[in-house]
Amino acid sequence: MAGYFKKRRKSQGANKNEEKVQRAADARSRESSGATLQARYPSVRQLAFTLRFLTPQQQLLEEKALTLQANDACRWDASCPGRCGVGRFDFSEAVSRAIGQRQAVAEGSVSCREPLYAGAKDTCGCQAQYKIEVDYLPPPDPSAAA
């Protein structure tokens, strides 16, 4: 005859890993939402951002242009229009590097590293070419401060 076994209690909430992932996602959304260009980079008057998405065969998929004024909210990511369907490009590091070095124009490219489907060895390979044009406010006049 089978013994008496107590049923396992269902877990009431998310486990530790799910909470960790949720905290990271919340931090990213707090960082990206509501922050204006002027709040993040006080020395910038205007920023123009141009994106070109290319296939691995260098055919144009999509082209986007964005101009941000000082009071506009800013996000530096874009979804991949390539074959993977889930890839994301993050340009925040390129923008902060260009502004940190006070460059007027910065260009570069990034490739999507998402697999084409689950378990695939081949990656999407979609390429995003970006061009960042920054218009800075004039530096404060040192003679006016004295």
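In which sense do E1 and E6 pair, and over how many bridges? In this predicted model, E1 and E6 pair in the antiparallel sense, and the pairing extends over ten bridges. Both strands belong to an open sheet of four strands, and both also give two or more residues to the largest nonpolar core.

**The sheet**
- The four strands follow the order E2-E1-E6-E5, with antiparallel pairing.
- Strand E2 (60–69) and strand E5 (105–111) are the edge strands, each of which pairs on one side only, and the twist from one strand to the next averages 15°.
- Within the sheet, Arg52 stands opposite Gln129 in E6.

**The helix and the core**
- Helix H3 lies across E1, E5 and E6, and runs at about 35° to E6.
- The largest nonpolar core has 28 residues, and those with the most contacts inside it are Leu47, Phe49, Trp76, Phe91, Val95, Ile99 and Ile132.
- The elements that supply two or more residues to this core are strand E1 (44–54), helix H3 (92–100) and strand E6 (127–136).
- Phe91, when its neighbours within four places in sequence are left aside, is in contact with Phe49, Leu51, Trp76, Ala78, Val110, Ala128 and Tyr130.

**A buried loop residue**
- Thr55 lies in the loop between E1 and E2, and it counts as buried because its relative accessibility is 13%, where buried means under 20%.
- Not counting residues up to four places away in sequence, Thr55 touches Leu61 and Gly125.

Notes: Residues numbered from 1 in each chain as written. Predicted model: local features only at pLDDT ≥ 70, side-chain atom pairs only at ≥ 80, totals over all residues. Heavy atoms only, no water. Core = buried A, V, L, I, M, F, W, Y, C linked by side-chain atoms within 4.5 Å. Buried < 20%, exposed > 50% of the residue type's maximum accessible area, 1.4 Å probe, protein only. Contact = heavy atoms within 4.5 Å. Pairing = 2+ DSSP bridges. Axes fitted to C-alpha atoms, helices over the stretch in contact; angles between N-to-C directions.
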